[in-house]
Amino acid sequence: MQFVTQGLIVRESPVGESDRLVWILTRDEGLLRAFVRKAKEMKSRTAGATQLLCYSDLKIYQGKERYIVSEAKPIRVFFELYDDITALSLAQYFCELAGKFAPEGTPAGEYLRLLLNALHYLSKGERPQAVLKASVEMRILALSGFMPDLVACAHCGEYLCDRMFFYPQKGTILCQDCYKPSPEPCYELSRGAVSALRHTIYADFEKLFAFSISPESEKEFAAAAEGYAVSSIGYRMKTLDFYHKILAT
């Protein structure tokens, strides 16, 4: 059985001397693993369209135990990212997030749309990386069932005040009047940071990346989003640590 779909290569691994195993985030079938035969050969017609960060038209053969990419034609290849190691490392983190959370065997159009837009802005340098990163983290978690409750203070219902406190383990916020110091991790947030967090999970997708934030609030926003991602996943992804290592150099 063969089917045609569109997909983004979010991970690749060599197999033997000439083959490649790829993880593809597809619009119709979700995340799937497929073999690309003779991908390393110079004359391969599928090699270029099945590399990491390639978005391609794909014809896939579905066998009893495996998928095989029989044809591939690139739609968009994010070559620009390979010229910026920081952007590339962030793109790889996005791909690892997708590999962790995107469903298998069911449509994943929203996940694919999220990554393609994020990679576009990342490759063009049209949005601050910290804002892109936090937006992708919060949105992909919300899509995956890890939707925090950021509507109002969990105790009194206060919508917004000068300082609010986000608890990543609970996914809730408290206002400055209800907050009491405790050993539980939390992030103190300005009005701008709270508004940005809300925007990433509640806004229509068309407006997801269309917001601005002050440098001070951006730092709080980015820290809270990363903290929530790590708490929801239960560990720090290797690509996240590598991204921070690159930033520190």
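**Exercise 1. Work out whether V22 is buried or exposed in this predicted model, and what surrounds V22.**

Step 1. Start with accessibility: V22 has a relative accessible area of 0%. The cut-off for buried is under 20%, so V22 counts as buried.

Step 2. Place the residue: V22 belongs to strand 2, residues 19-26.

Step 3. Look across the chain. R33 is 11 residues away from V22 in sequence, yet their C-alpha atoms are separated by 5.6 Å.

Step 4. List the touching residues, skipping those up to four places away in sequence: I9, R11, E12, L32, R33, A34, V36 and T50.

**Exercise 2. Find which class of accessibility Y61 falls in, then see how far Y61 is from L160.**

Step 1. Y61 sits in strand 4.

Step 2. Its relative accessibility is 37%. Buried needs under 20% and exposed needs over 50%, so Y61 ends up as partly exposed.

Step 3. Not counting residues up to four places away in sequence, Y61 touches M1, Q2, R66, Y67 and I68.

Step 4. Now take the C-alpha to C-alpha distance to L160: the two residues are 53 Å apart in space and 99 residues apart in sequence.

**Exercise 3. Say what stands out about the phi of L53, and where L53 lies.**

Step 1. Most residues other than glycine have a negative phi.

Step 2. L53 has a positive phi, near 70°, and is not a glycine.

Step 3. On the chain, L53 is part of the loop joining strand 3 (30-36) and strand 4 (54-62).

Step 4. With a relative accessible area of 1%, L53 is buried.

Step 5. L53 also turns up among the residues with the most contacts inside the largest nonpolar core, along with L8, L25, L81, F94, I140 and L197.

**Exercise 4. Describe the largest nonpolar core: how many residues has it, and which element gives the largest share?**

Step 1. The core holds 69 residues.

Step 2. Helix 1 supplies the largest share, 10 residues.

Step 3. Apart from this core there is another one, of 14 residues, including I9, A34, V36 and A72.

Step 4. Zoom in on L25, one of the residues with the most contacts inside the largest core. Neighbours within four places in sequence aside, L25 contacts Q6, G7, L8, V10, G30, L31, A98, A102, A108, Y111, L112 and L115.

**Exercise 5. Check the length of helix 5 against the expected rise, then find what its buried residues pack against.**

Step 1. Helix 5 runs over residues 215-233, which is 19 residues. At 1.5 Å a residue, the expected span is 27 Å.

Step 2. The end C-alpha atoms are 27 Å apart, so the helix agrees with the expectation.

Step 3. Its buried residues are S217, E220, F221, A222, A224, A225, E226, G227, Y228, A229, S232 and I233.

Step 4. Those residues pack against helix 1, helix 3, strand 7, strand 9, helix 4 and helix 6.

Step 5. For a view from strand 9, take S190, which is located there. S190 counts as buried because its relative accessibility is 12%. Beyond its neighbours within four places in sequence, S190 contacts D162, R163, S217 and E220.

Step 6. Just past the helix comes G234, with a positive phi near 100°.

**Exercise 6. Run the span check on helix 4, then classify how helix 3 packs on helix 4.**

Step 1. Helix 4 has 12 residues, which should span 16 Å at 1.5 Å a residue; the end C-alpha atoms are 16 Å apart, so this agrees too.

Step 2. Buried in helix 4 are A193, V194, A196, L197, R198, H199, T200 and I201. Their cover includes helix 3, strand 6, strand 7, strand 8, strand 9 and helix 5.

Step 3. The axes of helix 3 and helix 4 come within 8 Å and cross at roughly 45°. Helix 3 is therefore oblique to helix 4.

Step 4. The contact uses S135, M138, R139 and A142 of helix 3, and L197, H199, T200, I201 and Y202 of helix 4. This crossing is right-handed.

**Exercise 7. Classify the packing of helix 1 and helix 6.**

Step 1. The two axes are 8 Å apart, at an angle of about 165°.

Step 2. Over 145 degrees counts as roughly antiparallel, so helix 1 is roughly antiparallel to helix 6.

Step 3. The crossing of helix 1 and helix 6 is left-handed.

Step 4. Helix 1 brings I85, T86, S89, L90, Q92, Y93 and E96 to the contact, and helix 6 brings K238, T239, L240, F242, Y243, I246 and L247.

How values were computed. Residues numbered from 1 in each chain as written. Predicted model: local features only at pLDDT ≥ 70, side-chain atom pairs only at ≥ 80, totals over all residues. Heavy atoms only, no water. Helix = DSSP H or I, 4+ residues; strand = E, 2+ residues; numbered from the N terminus. Expected span 1.5 Å × (residues − 1). Buried < 20%, exposed > 50% of the residue type's maximum accessible area, 1.4 Å probe, protein only. Contact = heavy atoms within 4.5 Å. Core = buried A, V, L, I, M, F, W, Y, C linked by side-chain atoms within 4.5 Å. Axes fitted to C-alpha atoms, helices over the stretch in contact; angles between N-to-C directions. Parallel < 35°, antiparallel > 145°, perpendicular 65-115°, else oblique. Left-handed = near helix turned anticlockwise from the far one by under 90°.
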